[in-house]
Amino acid sequence: MNAADNAWTLVCAALVLMMTGPGLALFYGGLVRQKNTLAIMMQSFALMALITVLWALVGYSLCFSEGTPIIGGFRYALLRGVGVEPNADYGGTIPQLTFMIYQLMFAIITPALITGATAERMTFGGTVVFMTLWSICVYAPLAHMVWGKGGLLNATLGGRFPTLDFAGGTVVHITSGVSALVCALYLGKRTGFPKEPMPPHSLVLSFIGACLLWVGWFGFNAGSALSAGGLAASAFVATHFAAAAATLAWLAAEWITRRRPSALGAISGAVAGLVAITPASGFVAPMPAILIGLVAGAGCFLMVTSVKGWFGYDDALDAFGIHGAGGTIGALLTGVFATRAINPVFRDAPVGLLEGNASQIGYQLVGIAVAWGFALAGTIILLKVTDLLVGVRVREDQETVGLDLTEHGEEAYNLEM
Amino acid sequence: MKLIKAIVRPNKVDDVKDALGRVSLPGMTVTEVRGHGKQKGHTAIYRGKEYDVSLLPKMEIEVVVPDHLVDEAVAAIITAARTGEIGDGRVFVIPVEQSYRIRTGERSEM
């Protein structure tokens, strides 16, 4: 056991929790209309509690104990055998408890990201039931396939298709983003969309949230080294550079096509860059990180400003446009720019396309396809099941009054004049 | 006795207040309002989606004045609130039939 590694990973676990609450809660909270502020923030917070308990019961075990190539088994159910002793397969220098709690924070933020697409119209009860099912039936298989020992897509622990995903571009962002798109299509548009204006009620909240996300993302990516050495430093640097480059790319695209660079554009670009660098962060050098950020910033800008309009789906807060698209861009470019100089994941053999491992692009595509497929199919089935059990969409009159009052009996702002 | 209702730019409220003070009018009521006249609004864009912001923030100042001070008060407001650009606002003069002071219940003639 190494005390420095343990300290770093524990701090990073806290940073990743901070990404959901308050980071994502504020980011999304500011983007909705005033009458739905508490409802969306409450979904993030409720998931912090709900996924945690699920994780202790079966979630961790289904993700990380040995089982089939698709999903883990029940060896660690109720956290049996998960103690202060390190697990050689998952961060051999830190207690397995540290690894377990660190991974939990990823399992929390992933479903929370989906709430950006269901915002302003999904019931709280439907959200709780759907996210419970989704965490077990979609997140757990993906996490096991990519990161679990013997998982189908695992690059280092005996996977059939070695897919590179350092911190969750595939597991977290593609699955949540694609599921978000399915949710937006299944739920249908918000009443009044797109005729009625639905501008963000407070970009100040979103701004604070995005800044917290940026900081928290160091825990997400650099923490995924599970150690406090050079790899953590490398991932930290790549993360920061990609976020900065993507911010500039989005702003430039906006400035050129819409004449004015916006604050919402700047923070959206930063998040897009952070999403795209996530799978690559522990595999690429700083200059490729900047390139990945530029591509993600421009690509996601196109997704949310043009593609969404062409198809007309109501992805309210652009969970698909940023996480689905950014995650896919990042997963592909990881296969291009990964280098053994940063992370000799295949020992002496070349890692990415640019150093001569062309087959890695194929494996990245397999990983992307599996994640898209699981997210699409799983989300459709689980939404249907949830709809039959408790219903997923609020009534139109509830939507008009707002979910804060009708679902929670509170209002976000009771300001005296 | 007249009610003068002036809709002015928000940044001109202090100037108007000072100008009315010089006419020695003791009271005024100020309200935040939104509206538009000839002045066109702005366009806001959130992630590529455009919204017209056609109702712009203005301040409405209400003062009740005795008849002999009406012209002086209106002139003071116009001088203080004018920039010469579109969007400077409007002044309305409305007759007031009666006025009461709540504390004493007395009918007052200002």
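Helices and strands in what follows are DSSP runs, with helices taken from classes H or I and at least four residues long, and numbering starts at the N terminus. With that in hand, helix α7 of chain A makes a handy starting point in this predicted model. Just after α7(A), Arg259(A) adopts a positive phi of about 75°. The helix itself covers residues 230–258, and its length can be checked by simple arithmetic: 29 residues at 1.5 Å a residue should span 42 Å, and the end C-alpha atoms are indeed 42 Å apart, so expectation and model agree.

Chain A holds other backbone features worth a look. Most residues other than glycine have a negative phi, and most peptide bonds are trans. Against that background, Glu120(A), which is not a glycine, has a positive phi of about 75°. Glu120(A) sits in the loop between α3 and α4 (124–147) of chain A. This residue counts as buried because 23 C-beta neighbours lie inside 10 Å, the threshold being 20 or more. Arg347(A) is another non-glycine residue with a positive phi, here of about 55°, and its place is in the loop between α10 (319–337) and α11 (359–389) of chain A. Arg347(A) is exposed, since it has 7 other C-beta atoms within 10 Å, and 12 or fewer is the limit for that class.

Two cis peptide bonds also appear in chain A. One runs from Gly21(A) to Pro22(A), with omega near 5°, and Pro22(A) belongs to helix α1 (residues 3–31) of chain A. Another links Phe193(A) to Pro194(A), with omega near 0°; Pro194(A) lies in the loop between α5 (169–187) and α6 (203–222) of chain A.

Turning to packing, the largest nonpolar core has 147 residues, and Ala242(A) and Ala246(A) have the most contacts inside it. Helix α3 of chain A, residues 96–118, gives the most to this core, contributing 14 residues. A second, separate core comprises 14 residues, among them Leu25(B), Ala73(B), Ala76(B) and Ile77(B). The surroundings of Ala246(A) can be spelled out further: once neighbours within four places in sequence are set aside, its contacts are Gly269(A), Ala270(A), Ala272(A), Gly273(A), Ala276(A), Gly293(A), Leu294(A), Ala296(A) and Gly297(A).

Where the chains meet, eleven residues of chain A are in contact with six residues of chain B. On the side of chain A that touches chain B, the elements giving two or more residues are α8 (263–277) and α9 (286–311) of chain A. Of the elements on that side, α9(A) gives the most, with three residues. By character, the residues on this side of chain A divide into five nonpolar, four polar and two charged.

Chain B brings in an open sheet of four strands, ordered β2-β5-β1-β6, with antiparallel pairing. Its edge strands are β2 (29–35) and β6 of chain B, each of which pairs on one side only. Neighbouring strands of the sheet are turned by 20° against each other on average, with direction ignored. Helix α1 of chain B (residues 13–22) packs on this sheet and touches β1, β2 and β5 of chain B, its direction making about 10° with that of β5(B).

The pairings can be followed strand by strand. Seven antiparallel bridges connect β2(B) with β5(B), and within this pairing Gly35(B) has Leu56(B) as its bridge partner in β5(B). Strand β1 (residues 2–8) of chain B pairs antiparallel with β5 (residues 56–65) of chain B over seven bridges, and seven bridges also join β1(B) to β6 (residues 89–95) of chain B, again antiparallel. Lys5(B) features in both pairings: this residue stands opposite Glu62(B) in β5(B), while its bridge partner in β6(B) is Phe92(B).

Within strand β5 of chain B lies Glu60(B), which counts as partly exposed because it has 18 C-beta neighbours inside 10 Å. Leaving aside neighbours within four places in sequence, Glu60(B) is in contact with Lys5(B), Ile7(B), Thr31(B) and Val33(B). The C-alpha atoms of Glu60(B) and Arg9(B) are separated by 8.8 Å, although the two residues are 51 residues apart along the chain.

Finally, strands β3 (residues 42–46) and β4 (residues 49–53) of chain B run antiparallel and are joined by five bridges. His42(B) has Val53(B) as its bridge partner in β4(B). The two strands form a hairpin with two residues between them, and in the turn Arg47(B) has a positive phi of about 45°.

Technical notes:
Residues numbered from 1 in each chain as written. Chains lettered and ligands numbered in written order. Predicted model: local features only at pLDDT ≥ 70, side-chain atom pairs only at ≥ 80, totals over all residues. Core = buried A, V, L, I, M, F, W, Y, C linked by C-beta atoms within 7 Å. Contact = placed C-beta atoms within 7 Å. Pairing = 2+ DSSP bridges. Nonpolar A, V, L, I, M, F, W, Y, C, P; charged D, E, K, R; others polar. Axes fitted to C-alpha atoms, helices over the stretch in contact; angles between N-to-C directions. Expected span 1.5 Å × (residues − 1).
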